[in-house]
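Work through the exercises below with the model open beside you. Try each task before you read its solution.

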Protein chains: 2
Amino acid sequence: MKFSKIPSATITRLSLYSRALEDLMHGQVNIIASDKLAQKCGVNPAQVRKDLAYFGEFGVRGVGYFVKELLFEIKKILGLNRRWRMALIGIGNLGLALVAHENFLKQGYEFVAVFDVDPKKVGRRLPSMQMIHGMDELEAIVKEKQIEIGVIATPASQAQATARLLVAAGIKAILNFAPVQIQMPEGFIVDNVDFTVKLDNLAYHLTMEAV
Amino acid sequence: MKFSKIPSATITRLSLYSRALEDLMHGQVNIIASDKLAQKCGVNPAQVRKDLAYFGEFGVRGVGYFVKELLFEIKKILGLNRRWRMALIGIGNLGLALVAHENFLKQGYEFVAVFDVDPKKVGRRLPSMQMIHGMDELEAIVKEKQIEIGVIATPASQAQATARLLVAAGIKAILNFAPVQIQMPEGFIVDNVDFTVKLDNLAYHLTMEAV
DNA sequence: CCATTCTTGTGCAAACAATCACATAAAATG
DNA sequence: CATTTTATGTGATTGTTTGCACAAGAATGG
Ligand SMILES: NC(=O)c1ccc[n+]([C@@H]2O[C@H](COP(=O)([O-])OP(=O)(O)OC[C@H]3O[C@@H](n4cnc5c(N)ncnc54)[C@H](O)[C@@H]3O)[C@@H](O)[C@H]2O)c1
Ligand SMILES: NC(=O)c1ccc[n+]([C@@H]2O[C@H](COP(=O)([O-])OP(=O)(O)OC[C@H]3O[C@@H](n4cnc5c(N)ncnc54)[C@H](O)[C@@H]3O)[C@@H](O)[C@H]2O)c1
């Protein structure tokens, strides 16, 4: 491991590599060259090699990378060799889709608790039999279940307040689906999944092309 | 307008600015300085000014930017001064959340047709009364309704094949929710909304911190 | 109407990221 | 066992993005 700073884009790509390798392993492929892996992920082959080189020498010259071994290493780097416990805040349309999505669990991400403010929802159970908790239980449950990641799926207007509650409850990282930029204190991580920004990007490119 | 190349990160930020300005307009704010706008969006003030400068001089020195006017300009740049017609492919958990989401329409994005392969779904109507079409109708409906954007919410294994059908049907841009990298012919645009990559990013940072 | 204050627009340097090109090492070949 | 082939790892290079620092323009106030 080299102790230079790792480009953030590298981390994003490692995630893509891991996914591609998972796919290759399913397809009984044992060895892959940087060319092929790069093509599968839509990046430059040298990029693949350089990204990996930040963390060690995983390949064999003249041969390529052993799929299983490389996947193991990347998962270790990303911290995917363990289970991550998450809380979902706001069980509306999107929240329901998220907790129903079984791929997260396969990847090691588990929604261990679900919260909402709507009195019509609190106290009921999801189809999965999971209980919907009120926000007053947040801190206790986060502590009890050692939850580290909070997922915000509340309306945008409530997202910042929700983030504060999550921080107060002892959560370290937030994945935010609400279309607002959330301000966090030093040392906490937020990442946004932003549908509209992506659509705007498409709209811009379509508009440009037409000119 | 300067005919230098526009950084793609600039386009992403324009989307954030537009959202922040919308919010400010709601709050009856008429004028905003780059400092404040930057803070709201979590970027550097000089960045805001430079991003805008690619497209023109929208501010008044010593004063700031007129919120309404700047919002209008940014929307024009991004192509948000019109309606965009979209097709949704794959009406599962996520697809249902997407079509139910009324914010898209407010922003000018409309799902004008919904498709699936499941014979139990095709021919039925959504709660919104929208018909679920079979994939055999794709091309005809894309043409008839002049759909330009395709949204893929099928399982990952079906995403590439679906993308090909969309291209064949005459669609120009795709927003892909499936966790795979989609290969597209020259001149077509794909963008991915990638939940897992974001989670992996959080996992990595949490893992690093702990070291 | 000059001085002061404020905030934009931008040239330039620094930081960051992607790509090329080749030395290096392992395997295959004859 | 020398030679060729293959594909990694990485220094050098090129390209892109960000951020500083300040000149320039607009309003304000005495
Ligand atoms: N549904 C989509 O496809 C979609 C797409 C893009 C963005 N989003 C964003 O995701 C978020 C959720 O979307 P949705 O469609 O599920 O909305 P929704 O209205 O269906 O669900 C929101 C849920 O949050 C709960 N809630 C409200 N305030 C809360 C609070 N302070 N604390 C806890 N829970 C609270 C509500 O009771 C409700 O159950 C929104 O910010 C939306 O803009 C959704
Ligand atoms: N649900 C989530 O929160 C979530 C989160 C992250 C990623 N995703 C991704 O989004 C996609 C959809 O997820 P989901 O949870 O809605 O899955 P889902 O299984 O609930 O729905 C998929 C739908 O696609 C339809 N479909 C299958 N093959 C098709 C084809 N060839 N053409 C058209 N339709 C087809 C199915 O009939 C089904 O209705 C998946 O790729 C998933 O990995 C979902």
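A residue counts as near a molecule or strand if one of its heavy atoms lies within 4 Å of it. By that cut-off, ligand 2 lies between chains A and B. Keep in mind that this is a predicted model.

**Exercise 1. Describe the site of ligand 2, from its neighbours to its cover.**

Step 1. List the neighbours. Ligand 2 is surrounded by 24 residues. The closest are B:Asn93, B:Leu94, B:Asp116, B:Lys121 and B:Thr154.

Step 2. Look for polar contacts from the backbone. B:Leu94 places a backbone N or O atom 2.8 Å from an oxygen atom of ligand 2. A polar backbone atom of B:Thr154 is 2.6 Å from an oxygen atom of the ligand. For B:Ala156, the distance from a polar backbone atom to a ligand oxygen is 3.4 Å.

Step 3. Check the cover. Ligand 2 taken alone exposes 820 Å², and the protein buries 85% of that.

Step 4. Assign the shell to helices. α5 of chain A, and α5 and α8 (156-169) of chain B, each supply at least two residues.

Step 5. Sort the shell by class. There are 15 nonpolar, 6 polar and 3 charged residues.

**Exercise 2. Which chains surround ligand 1, and what does the protein offer it?**

Step 1. Start with the chains. Residues from chains A and B surround ligand 1, so the site is shared between chains.

Step 2. Name the neighbours. The count is 24 residues, and the closest are A:Asn93, A:Leu94, A:Asp116, A:Lys121 and A:Thr154.

Step 3. Find the contact from a side chain. An N or O atom in the side chain of A:Lys121 is 2.6 Å from an oxygen atom of ligand 1.

Step 4. Add backbone contacts from both chains. A:Leu94 has a backbone N or O atom 2.8 Å from a ligand oxygen. From chain B, a polar backbone atom of B:Ala97 is 3.2 Å from an oxygen atom of ligand 1. The protein covers 85% of the 830 Å² of accessible area that ligand 1 has on its own.

Step 5. Trace the helices. In chain A, α5 (93-100) and α8 (156-169) each give at least two residues to the shell, as does α5 (93-100) of chain B.

Step 6. Classify the shell. It holds 15 nonpolar, 6 polar and 3 charged residues.

**Exercise 3. Place strand β7 of chain A among its neighbours.**

Step 1. Pair one side. Strand β6 (residues 149-152) of chain A runs parallel to β7(A), joined by 4 bridges. A:Ile149 stands opposite A:Ala173. Between these strands the chain passes through α8(A), and this β-α-β crossover is right-handed.

Step 2. Pair the other strand. 4 bridges join β7(A) to β8 (residues 189-192) of chain A, again in parallel. Here A:Leu175 stands opposite A:Asp191.

Step 3. Inspect the faces. In a regular strand the side chains alternate between the two faces of the sheet. A:Ala173 and A:Leu175 lie on one side of β7(A), A:Ile174 and A:Asn176 on the other. All four are buried, and both faces are covered.

**Exercise 4. Map the protein surface near DNA strand D.**

Step 1. Find the nearest residues. Of the 27 around strand D, A:Ser34, A:Arg49, A:Tyr65, B:Arg13 and B:Lys50 come nearest. Sugar and phosphate make up 66% of the strand D atoms within 4 Å of the protein.

Step 2. Separate base from phosphate. An N or O atom in the side chain of A:Lys50 is 3.2 Å from a base oxygen. B:Asn44 has a polar side-chain atom 3.4 Å from a phosphate oxygen. For B:Gln47 that distance is 3.1 Å, also to a phosphate oxygen.

Step 3. Credit the helices. The largest share of this surface, 4 residues, comes from α3(B).

**Exercise 5. Repeat the mapping for DNA strand C.**

Step 1. Find the nearest residues. Among 25 around strand C, these are A:Arg61, B:Ser34, B:Arg49, B:Gly62 and B:Tyr65.

Step 2. Read the phosphate contacts. B:Ser34 has a polar side-chain atom 2.6 Å from a phosphate oxygen. For B:Tyr65 the distance is 2.6 Å. A:Asn44 has a side-chain N or O atom 3.3 Å from a phosphate oxygen.

Step 3. Credit the helices. α3(A) gives the largest share of the surface, 4 residues.

Note on methods. Residues are numbered from 1 along each chain as its sequence is written. Chains are lettered from A and ligands numbered from 1 in the order in which they are written. This is a predicted model: local features need pLDDT of at least 70, side-chain atom pairs count only at pLDDT 80 or more; totals for chains, interfaces and linings use all residues. Side-chain values use heavy atoms; hydrogens and water are left out. A polar contact is a pair of N or O atoms within 3.5 Å; within protein, one must be able to donate a hydrogen and the other to accept it, and residues adjacent in sequence count only if both atoms are side-chain atoms. Accessible areas come from the Shrake-Rupley method with a 1.4 Å probe; for residues, only the protein chains shown count as cover. Ala, Val, Leu, Ile, Met, Phe, Trp, Tyr, Cys and Pro count as nonpolar, Asp, Glu, Lys and Arg as charged, and the others, Gly among them, as polar. Buried means under 20% relative accessible area, exposed over 50%, partly exposed in between (1.4 Å probe, protein chains only). Two strands pair if DSSP finds at least two bridges between them. A crossover is right-handed if, with the strands pointing away from the viewer, the path from the first strand over the helix to the second runs clockwise.
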